[in-house]
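Me: Please take a close look at the second largest pocket of this model. Which residues and elements form its lining, and how does the sheet that contributes to it pair?

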Amino acid sequence: MIEEFALHSGRKCHLHAISNDLIPDYYLLSFPKEFGEPSPSELPEIMGFGIRKARLLAQARTADPEAYTMVYSGYSARREKGWHVHIFLLGNRWKKARLYAMLALKNLAQALGLRKDDAPRI
């Protein structure tokens with residue numbers, strides 16, 4: 001974990017740096033699983049924190065505070081249990097295209113049952 005953020009409710013969210021050879025400059029903003037889902041009033045606060053951190057990280061890494069992509073998957077579309085947002089620092093269009101290709105392959109593998117998937121079956 002690289003940072004913990006206290007919400008007005010007293011609960012906390014965490015920012016983790018993810019070590020992944022295929023996807024560099026990858027971070028995960030998460031809400032502790034033991035608390036379930038964030039409340040509707042906590043969501044804008046968490047997302048605001050995520051955007052601010054993404055901008056700071058992108059500025060430090062690429063010298064462009066807008067060189068990031070955030071991906072949020074709702075409860076029914078998540079692979080892992082627990083509320084979270086993915087933050088990817090991208091420097092150019094090719095890195096974004098590569099990220100989307102990797103995400104497409106990952107989701108295809110999950111849809112075919114070749115990769116673990118905790119998403120509810122509806």
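Reply: The lining of the second largest pocket divides into 8 nonpolar, 2 polar and 4 charged residues. These values come from a predicted model. In total, 14 residues line this pocket, and its volume is about 210 Å³. Nearest the centre of the pocket lie Pro 24, Asp 25, Leu 89, Leu 90 and Lys 95. Of these residues, Pro 24, Leu 89 and Leu 90 belong to the nonpolar class, whereas Asp 25 and Lys 95 belong to the charged class.

Three elements give two or more residues each to the lining: α1 (42-62), β5 (84-89) and α2 (93-111). The largest share, 4 residues, comes from α2. Lys 95 falls within the span of α2, and Leu 89 is the last residue of β5.

The strand β5 also has a place in an open sheet of 5 strands, which run in the order β1-β2-β3-β5-β4 with antiparallel pairing. In that order, β5 stands between β3 and β4. The edge strands are β1 (3-6) and β4 (68-72), each of which pairs on one side only. From one strand to the next, the twist averages 20°.

In general, strands of a sheet pair through backbone hydrogen bonds, either parallel or antiparallel. Here, β5 and the edge strand β4 pair in the antiparallel sense over 5 bridges. One bridge joins Tyr 72 to its partner in β5, Val 85. Thus β5 both contributes to the lining of the second largest pocket and pairs with β4 within the sheet.

How values were computed
Residues are numbered from 1 along each chain as its sequence is written. This is a predicted model: local features need pLDDT of at least 70, side-chain atom pairs count only at pLDDT 80 or more; totals for chains, interfaces and linings use all residues. Side-chain values use heavy atoms; hydrogens and water are left out. On a 1 Å grid over the protein atoms alone, a cavity is a set of points where a 1.4 Å probe fits but cannot get out, and a pocket is an open set with protein on both sides within 12 Å along at least five of seven lines; lining residues have an atom within 4 Å of a point. Grid points are joined across faces, edges and corners, and a volume is the space filled by probe spheres set on the points. Two strands pair if DSSP finds at least two bridges between them. Axes are lines fitted to C-alpha atoms, for helices over the stretch in contact, and angles run from 0 to 180 degrees between N-to-C directions.
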